[in-house]
Amino acid sequence: MKFWPATKLFSFFSNDLAIDLGTANTVIYVKNQGIILDQPSVVAVKYSTNEVLAAGNKAKKMLGKTPESIVACRPMRDGVIANFELTESMLRYFISEVHNNRKTLVRPRMIIGVPSGITQVEKRAVEDSAKQAGAREIYTIMEPMAAAIGSGLPVEEPTGNMIVDIGGGTTEVAIISLKDVVYCKSVRIGGDEMDRAIVQYVKRKYNLLIGEKTAEDIKIKIGTAMLTEEAAKEEVKGRDLITGVPKTITLSDAEVFESLTEPISIIVDAIHSALENAPPELSSDLVDRGIMMAGGGALLKNLDDLVSKETGLPVTVADDPLLCVVHGAGKVLDELDFFKDALLR
Ligand code: ADP
Ligand code: MG
C-alpha cells in the first residue's frame, strides 16, 4: 500500500482561495476546484444598521432602485477603496458564500489581488476581513503583478515585461522585471468612463437619456478604438429629455468611436508615460517583447491595434483577460516560495 506524504494530502484537502477584488468584478478561484464565484463588485446594505442584505448579482439588480433605507453601491468604483467598510462587508459576504458551500477540513490560505494604489491601512482592512472570514494565512498582491503572471509573462526573468490592465474603474500600466514592479502608473479611467462617455454623447447629440448599463451594452456590441471598413449599428432606447417620453434611436459604430476618443486617449497617454519612464535597458526589451493587455477593457474592439499603432510595439491581448488576475494570484499561491518577492509587503 502506498502512502501519500502529509504535505501532499494536506494540499489535496486544502481549498486555498485566490481572490481578484476588482473595481467591477470579484472573482474567486478555489484550488482543486476552479473558479467558483464571478460576480459584480456591488454590495447592498441596510442604511440604519449596515447589515449586508446582498452582494454580487443580487445587489447589482438593486443599483439605482433602492428605497432610502437601503444603500446599494460599488465600493471600489474608482479603483481605490472609496468606502472600505463596504468593501470589507462585500468581501466577507463573498468569502463566506464560498466557504459555506463546501466542507473544509483545513482553514484555507488566501491570496487577494488589490489595486496598486491601495494604502497600508486599506490593505490591512482587506486582510482583516479575510481573516474574519476564516483565512489561515493571508497574502496580498498588486493586481498588475497578478495580471502579468496570469497572462503568462515571464516575470521572473531579468527582462522588461509590460502589462496594461484595463478594468472598470482604473487602468494600471506596469513594467515588471525579476518578480518586482519597476514602474507602475494607475489612472482612474477604465471601462466605466467609456460607458459614461457614451451616455454623455447620446445626451448631447440626441437629447436622449440612457443608463450606464445600456451604454455598456453598446460599447461591448459596437464600440471600437479604431474605425474599420465594416460598419455596425445598434438601436438604443432611452428617455427623450425634451418630451420626457421613451424614444429609440440608431447609433453607428462611428458615433460610439467618436464618444470613446477621450477615455481611450487617456489610456494611451498612460502607456506612453510608462514607456518614457522605463529604464533604458528594459525599454529595449519592450521593443522585442511588446505589451500584454488584460482586464475586461482589453476586449474593446481594435484597442490592441490602436495601442500598437500609437507605440510602434507589438501588442497581445491575454487569453482570458477578465481572469488573468485571479489565475495569476492562484499561481502565486501554488508556488509561494518561488513567487514570494512578487507579494505585497
Ligand atoms: P475590474 O478588474 O476593475 O473589476 P474587469 O477586468 O472585470 O474590471 O473589467 C470590467 C470592464 O470591462 C467593464 O467596464 C466592462 O464593461 C468591460 N468589458 C467587458 N467585456 C468587454 C468587451 N467585450 N468590450 C469592451 N469592454 C468590455
Ligand atoms: Mg481587475
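**The ligand 1 site**

An oxygen atom of ligand 1 lies 2.9 Å from a polar backbone atom of Gly168. This separation, like every value that follows, comes from a predicted model. Two further backbone partners belong to the same account: a polar backbone atom of Ala24 is 2.7 Å from an oxygen atom of ligand 1, and for a polar backbone atom of Asn25 the distance to a ligand oxygen is also 2.7 Å. Considered by itself, ligand 1 exposes 580 Å², and the protein buries 88% of that area.

The contacts with Ala24 and Asn25 lead to the wider shell. In total, 17 residues surround ligand 1, and the closest of them are Thr23, Ala24, Asn25, Glu216 and Lys219. Sorted by class, this shell consists of nine polar, five nonpolar and three charged residues. Two helices, H6 (191–206) and H7 (212–222), each contribute at least two residues to the shell. Helix H7 is the main contributor, giving three residues.

Where in the protein is ligand 1 placed? Ligand 1 occupies the largest pocket. The space within this pocket amounts to about 1,100 Å³. Strand E9 (161–166) and the helices H6 and H7 are the elements that each provide two or more residues to its lining. As in the shell around the ligand, H7 gives the most, here with five residues of the pocket lining.

The lining of the largest pocket comprises 40 residues. Nearest to the centre of the pocket are Ala24, Asn25, Gly168, Asp192 and Glu216. Several of these names have already appeared in the description of the ligand: the backbones of Ala24, Asn25 and Gly168 each place a polar atom beside a ligand oxygen, and Glu216 is among the residues closest to ligand 1.

Which classes of residue make up the lining of the largest pocket? The lining has 15 charged, 13 polar and twelve nonpolar residues. For the shell around ligand 1, the corresponding counts are three charged, nine polar and five nonpolar. The site may thus be read at two levels: a shell of 17 residues around ligand 1, and a pocket lined by 40 residues in which ligand 1 sits.

Note on methods. Residues numbered from 1 in each chain as written. Chains lettered and ligands numbered in written order. Predicted model: local features only at pLDDT ≥ 70, side-chain atom pairs only at ≥ 80, totals over all residues. Heavy atoms only, no water. Near = heavy atom within 4 Å. Polar contact = N/O pair within 3.5 Å; in protein donor to acceptor, adjacent residues only side chain to side chain. Areas by Shrake-Rupley, 256 points an atom, 1.4 Å probe, with all protein chains shown as cover. 1 Å grid on protein atoms, 1.4 Å probe; cavity = no way out; pocket = protein on both sides within 12 Å on 5 of 7 lines; lining within 4 Å. Sits in = over half its atoms within 2 Å of the grid points. Helix = DSSP H or I, 4+ residues; strand = E, 2+ residues; numbered from the N terminus. Nonpolar A, V, L, I, M, F, W, Y, C, P; charged D, E, K, R; others polar. Points joined across faces, edges and corners; volume = space filled by probe spheres on them.
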